[in-house]
Amino acid sequence: MIDKVAWIYLEDGRVLGTRSAGKDTYYLPGGKREPGESDVETLVREIREELSVEIDAASAKHVGTFEAQAHGHTSGVTVRMTCYTASFDGEPVASAEIEELAWLTTADADRISPVDRIIFAHLNEAGLLR
């Protein structure tokens, strides 16, 4: 089980996705926790590293936890993605290993990871994503 925390940044019925250098798949921004980190601490650190913005930890709101086959891993390896919305300061820009940012919708299902497809469906059913 790969344990990750992700940020859901929605705007105009789209969600911000990230693509790492050398990859062809988009993911929600975020990543793996370091030993002893809480979900929110992981969220703040990962988003600062990947997008150069400061998450307001006090505003973090749990959206859901989703599991699926881990993209690019052998069969049976799953990823658990714990997702949050949160306000922030700054303007998201690709940093660290992130090469590209994109605004995605449900029409981008072929460009995202399996767990993100589940998350996108959840957001669409809630009327948040087109």
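Analyst: For charges, Lys and Arg count as positive and Asp and Glu as negative, while His and the chain ends are not counted. Each charge is placed at NZ of Lys, CZ of Arg, CG of Asp or CD of Glu. On that basis the protein chain has 13 positive and 23 negative side chains, and the centres of the two sets lie 4 Å apart.

User: What kind of model is this, and how are residues numbered?

Analyst: It's a predicted model, where local features need pLDDT of at least 70, side-chain atom pairs count only at pLDDT 80 or more, and totals for chains, interfaces and linings use all residues. Residues are numbered from 1 along each chain as its sequence is written, and side-chain values use heavy atoms, with hydrogens and water left out.

User: What makes a stretch a helix or a strand here, and how many does the chain have?

Analyst: Both are DSSP runs, numbered from the N terminus: a helix is H or I over at least four residues, a strand is E over at least two. The protein chain comes out with 2 helices and 9 strands. Going along the sequence, you meet them as β-β-β-β-α-β-β-β-β-β-α.

User: Why does the radius of gyration agree with a compact globule?

Analyst: The rule for a globule is 2.2 Å times the number of residues to the power 0.38, and the radius is taken over C-alpha atoms. For 130 residues a compact globule would be near 14 Å, and the protein chain has 14 Å, so the two agree. Along the principal axes, the C-alpha atoms fill a box of roughly 35 × 35 × 30 Å.

User: How do you know how much surface the chain exposes?

Analyst: Accessible areas come from the Shrake-Rupley method with a 1.4 Å probe, and for residues only the protein chains shown count as cover. The protein chain exposes about 6500 Å², with carbon and sulfur atoms supplying 48% of that.

User: Why is T18 called buried?

Analyst: Buried means under 20% relative accessible area, exposed means over 50%, and partly exposed is in between (1.4 Å probe, protein chains only). T18 has 3%, so it counts as buried. Its place is in strand β3. Across the protein chain, 42% of the 130 residues count as buried.

User: What does T18 touch?

Analyst: A contact means heavy atoms within 4.5 Å. Leaving aside neighbours within four places in sequence, T18 is in contact with residues including Y26, L28, E50, L51 and L101. H122, on the other hand, is 104 residues away in sequence and 19 Å away in space, C-alpha to C-alpha. For the chain as a whole, take contacts between residues at least 6 apart in sequence: 66% of them join residues at least 24 apart.

User: Why is P92 buried when it sits in a loop?

Analyst: The label depends on accessibility: P92 has 12%, so it counts as buried. Its loop runs between β8 (88-89) and β9. Beyond four places in sequence, P92 touches Y9, L16, L51, V53 and L101. V77 is 15 residues from P92 along the chain, yet their C-alpha atoms are separated by 31 Å.

User: How do you know how the span of α1 compares with the one expected?

Analyst: The expected span is 1.5 Å times one less than the number of residues. Helix α1 (residues 39-51) has 13 residues and reaches 17 Å from its first C-alpha to its last, close to the 18 Å expected. Among its buried residues are L43, V44, I47 and L51. The buried residues of α1 pack against β1 (2-7), β3 (14-20), β4 (30-32), β5 (54-55), β7 (78-85) and β9 (98-104).

User: What makes S52 and D12 stand out?

Analyst: Most residues other than glycine have a negative phi. S52 is not a glycine, but has a positive phi of about 60 degrees. It sits in the loop between α1 and β5, and its 40% relative accessible area makes it partly exposed. D12 is not a glycine either, and has a positive phi of about 55 degrees. Its loop lies between β2 (10-11) and β3, and at 60% D12 counts as exposed.

User: Why are D110 and G22 called exposed?

Analyst: D110 has a relative accessible area of 67%, so it earns the label. G22 has 78%, so that label applies too. D110 lies in the loop between β9 and α2 (114-125), and G22 in the one between β3 and β4. The C-alpha atoms of D110 and Y26 are 9.5 Å apart, with their positions 84 residues apart along the chain.
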